[in-house]
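These are my notes from a session of looking things up in one structure, kept in the order in which I went through it.

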Amino acid sequence: MRISLKRWYVLLLFAFWGGTAAITHAKTVLVKAGSSLQAAISDAQDGDVLEIERGLYVGNFLVNKRLTLRGLRRPTLSGGMHGDTIRVTAPDVVLEGLIVRDSGDSLKDQNAGIYIFPGAHRAVVRNSELTYNLFGLWIEKSNDVLIEANTITGKRDYNSSQRGNGVQLYNTNGAKILNNHISFVRDALYVDVSHHALFKGNKLHHSRYGSHYMNSYYNVWEDNDSYYNRGGLALMETRDQIVRNNRTWGNSDHGIMLRTIQDSVIENNIIAGNNRGLFIYDVGYVTLKNNLVVDNRVGVHLSAGSNYNQVEGNDFVANREQVRYVGAKDEIWGVRTGNYWSNYAGWDRNGDQRGDLAYEANNLVDRMNWRYPSSQLLAGSPAVQVLRGVSQQFPVLRVPSVVDPHPRMHPGNNNIGLWFGMHYPGM
């Protein structure tokens, strides 16, 4: 059947008018203080912008259409201590400039300040304050979300095990978690079965873990500060991670935990003043380069067959115990460029900035200090120095160690002095 040009023109015109009507139908609605926010949400049409006046709005709010909720002078949305304060079930929802607080406290129901339900793709939460919620944000099976420039504080009067996480990602792809300040939660960022995400510019403190990854791949963790937690960053059962240019300091257990992780890069990080700087367990085919590991009680705790890793260009400075190694054979680090060890006692006779003697990080004296900490009082005595030399000369006294064949004579980081004394209070 043929259609005349005139009829084609009319059909195109109708299509244009229909599209224009759909676009122009979206409007901005002012929600006045004292009015019903849920009624305004229910009355709104897809694409509308609700501008919410400063005030207190109590309820459990359901956003089930493509809307923008924009706070004017930071209105407060309270969940009344039960359920989710805001539940988002539609894609392309934007929440900005809000105070969201007082969710319920059911861990079973995963009560959250903002619960982004499966299918609510491309949700945006920014410039908001989420406070006294069990979970700050629970994000489940929703892709390409943006969580940016929020302050998230948990129920700080609860015990850690009774709190939820600051941001929980479950089964997501493509999330961007940027420039948030998260504290007094269980884990500031909990990432489970979530891939291709970017975590950048966040400040994470006073939690169990600053960031906790499980079974997640192809993520980038960059330019974050994790401090005064139990652990700064925990990567567990993961692969293909990039962790770079972060600062993790003053954590009561570890700065960075690598547990059962492969094919990842850990580079240019500051790891200072922790109980253990790096905790490495069952790790293979990982590159650790150009990190500063300074003033930790234990610089590196290495165990459980962590082999085939490239460890190059790192500075290990003034850790009370540089490496605590549990293994059946030597682990060779620094083959290509070497690492810097502040307690290296060798020399550089040919001036190539590499030590002529190998550095052994776990000799008999180190083992003695590990088992009998009080022996460190004699660390500088002639007797201990003789024992250290004898253990290197007689293989029968030698224990498996991390060995750097030709360590660097000088550190690569020029700002080491800034990172002394950054310990967890009371450590």
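Is Gln353 buried, partly exposed or exposed? I was working with a predicted model, and I looked up the accessibility before turning to the backbone. With a relative accessible area of 41%, Gln353 is partly exposed, since the class of partly exposed residues runs between 20% and 50%. I found Gln353 in the loop between strand 39 (340-341) and strand 40, and its phi is near 70°, a positive value in a residue other than glycine.

I then noted a second residue with a positive phi, Asn171, where the angle is about 60° although the residue is not a glycine. Asn171 belongs to the loop that joins strand 16 (167-170) to strand 17 (176-178), and its relative accessible area of 32% makes it partly exposed.

Entry on the sheets. I followed an open sheet of 12 strands, which is parallel in its pairing and runs in the order 4-7-10-13-16-19-22-25-28-31-34-37. Its edges are formed by strand 4 (61-63) and strand 37 (321-325), each of which pairs on one side only. From one strand to the next I read an average twist of 10°. At the strand 4 edge, I saw that this strand pairs with strand 7 (residues 86-88) in the parallel sense over 3 bridges, and that Phe61 stands opposite Ile86 in strand 7.

I also looked up an open sheet of 3 strands, in the order 38-41-40, where the pairing is mixed. Strand 38 (331-332) and strand 40 (359-360) each have a single partner strand, so one side of each is left without a neighbour in the sheet. Between strand 40 and strand 41 (residues 402-404) the pairing is antiparallel, over 2 bridges, and Tyr359 has Asp404 in strand 41 as its bridge partner.

Entry on the nonpolar cores. Which residues have the most contacts inside the largest nonpolar core? They are Ile114 and Leu137, in a core that has 71 residues. I listed the contacts of Leu137, leaving aside its neighbours within four places in sequence, and they are Ile114, Ile116, Val125, Leu130, Ile147, Ile152, Gly166, Val167 and Gln168. Apart from this core lies another of 10 residues, which includes Leu292, Val294, Tyr340 and Trp419. As background, I wrote down that nonpolar side chains tend to be buried together in soluble globular proteins.

Entry on the aromatic rings. My search of the whole structure returned 16 aromatic pairs. For one of them, Tyr115 and Phe117, the ring centres are 4.5 Å apart and the planes stand at 40°, so I recorded the pair as tilted. The two partners fall into separate accessibility classes, as Tyr115 counts as buried at 6% relative accessibility, whereas Phe117 counts as partly exposed at 24%. I also recorded an aromatic cluster formed by Phe316, Trp333, Trp341, Tyr344 and Tyr359; Tyr359 is the residue that I had already met as the bridge partner of Asp404.

Last, I looked for charges over rings and noted two arginines. Arg239 lies over the face of Tyr217, at 4.1 Å from the ring centre, while Arg276 lies over the face of Phe279, at 4.4 Å from the ring centre.

Methods: Residues are numbered from 1 along each chain as its sequence is written. This is a predicted model: local features need pLDDT of at least 70, side-chain atom pairs count only at pLDDT 80 or more; totals for chains, interfaces and linings use all residues. Side-chain values use heavy atoms; hydrogens and water are left out. Two strands pair if DSSP finds at least two bridges between them. Helices (H or I, at least four residues) and strands (E, at least two) are DSSP runs, numbered from the N terminus. Axes are lines fitted to C-alpha atoms, for helices over the stretch in contact, and angles run from 0 to 180 degrees between N-to-C directions. A nonpolar core is a set of buried Ala, Val, Leu, Ile, Met, Phe, Trp, Tyr and Cys residues joined through side-chain atoms within 4.5 Å. Buried means under 20% relative accessible area, exposed over 50%, partly exposed in between (1.4 Å probe, protein chains only). Contact means heavy atoms within 4.5 Å. Rings of Phe, Tyr and Trp (its six-membered ring) pair if their centres lie within 6.5 Å; planes under 30 degrees apart count as stacked, over 60 as edge-to-face and the rest as tilted. A charge sits over a ring if NZ of Lys or CZ of Arg is within 6 Å of the ring centre and within 35 degrees of the ring normal.
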